[in-house]
Each structure stands twice: as structure tokens, then as C-alpha cells.
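Trainee: I'd like to learn how to read a protein structure. Can we go through one together?

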Amino acid sequence: MLTTEQSWHPGARCRDADPELFFAKAAERAAIASAKRICAGCPVREQCLSQALEDESLEGIWGGTTERERTAARLRLRLTTFRRSA
Ligand code: SF4
């Protein structure tokens with residue numbers, strides 16, 4: 001969900017969506033699934049996900065991922081980077 005202004009924001013599919021979907025609690029699976037369906041058809045999903053992976057302070061659904069999923073992705077990336085440098 002958009003909280004800062006970026007050049008790709010005008011293309012965001014969630015601009016007119018219910019913000020509650022994108023900031024649902026982990027147990028609210030139906031809302032999370034709805035947000036992810038919106039993200040799946042978003043033309044700026046790649047840019048959105050890239051920003052969310054870089055900025056660990058962002059909350060909610062970004063680029064079709066939850067905070068937990070992004071944390072896991074960052075850990076996998078750090079592990080891969082560590083293994084390559086070892
Ligand atoms: S990927 Fe999802 S959260 Fe990101 S801009 Fe598109 S609809 Fe919004």
C-alpha cells in the first residue's frame with residue numbers, strides 16, 4: 001500500500017482499493033488474499049516489491065507480499081550472499 005510518493009505510484013492498482021485490505025492482521029487471511037489478488041494484476045508490482053524489500057520499515061502488503069514474506073526473502077538473500085562470500 002502506498003505511503004510515500006514514488007514515480008511509479010500513478011500506476012498502482014491499489015490507489016482506489018480499501019486500505020484495510022493492505023494492512024490486515026496476519027489472521028485476516030481473506031483480506032490478505034484480496035490484497036494479493038489486486039497486486040497480482042498490478043503493472044508496477046516489481047517496482048513496489050523492490051522498494052518494500054529495500055525499506056524494512058514498510059508495513060502491510062507491498063508487491064503482493066506480507067511483511068513476514070519480505071523478511072523471509074531478505075534472510076534468504078543475505079544467506080545466499082554470505083555463502084557466496086565464504
Ligand atoms: S503491487 Fe500491490 S501494493 Fe504495490 S502498488 Fe501494486 S497494488 Fe499496490
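Trainee: Let me start with one residue: in which helix is Glu67 found?

Mentor: Keep in mind that this is a predicted model. Glu67 belongs to helix α4, which covers residues 67-85.

Trainee: And what else does the chain have by way of helices and strands?

Mentor: To read that, count the elements and then follow their order. Here you get four helices and zero strands, and from the N terminus the order is α-α-α-α.

Trainee: Back to Glu67: is Glu67 buried, partly exposed or exposed?

Mentor: Look at the relative accessible area. Buried means under 20% and exposed means over 50%, with partly exposed in between. Glu67 has a value of 40%, so Glu67 counts as partly exposed. Across the chain, 34% of the 86 residues count as buried.

Trainee: Which residues does Glu67 touch, leaving out those up to four places away in sequence?

Mentor: With those neighbours left out, Glu67 touches Leu58, Glu59 and Gly60.

Trainee: How far is Glu67 from Ala26, in sequence and in space?

Mentor: Those are two separate readings. Along the sequence, Glu67 and Ala26 are 41 residues apart, while their C-alpha atoms are 9.5 Å apart in space.

Trainee: Which residues does the domain annotation cover?

Mentor: For that we turn to a record. The unreviewed UniProt entry annotates residues 13-72 as "4Fe-4S Wbl-type". In the model, that span is 53% helix and 0% strand, and its end C-alpha atoms lie 25 Å apart.

Trainee: What about charges: how many positive and negative side chains are there?

Mentor: Count each kind, then compare where their centres sit. The chain has 14 positive and 12 negative side chains, and the two centres are 9 Å apart.

Technical notes:
Residues are numbered from 1 along each chain as its sequence is written. This is a predicted model: local features need pLDDT of at least 70, side-chain atom pairs count only at pLDDT 80 or more; totals for chains, interfaces and linings use all residues. Side-chain values use heavy atoms; hydrogens and water are left out. UniProt positions are given in the numbering used here, feature names are shortened, and annotations may be inferred rather than shown by experiment. Helices (H or I, at least four residues) and strands (E, at least two) are DSSP runs, numbered from the N terminus. Buried means under 20% relative accessible area, exposed over 50%, partly exposed in between (1.4 Å probe, protein chains only). Lys and Arg count as positive and Asp and Glu as negative; His and the chain ends are not counted. The place of a charge is taken as NZ of Lys, CZ of Arg, CG of Asp or CD of Glu. Contact means heavy atoms within 4.5 Å.
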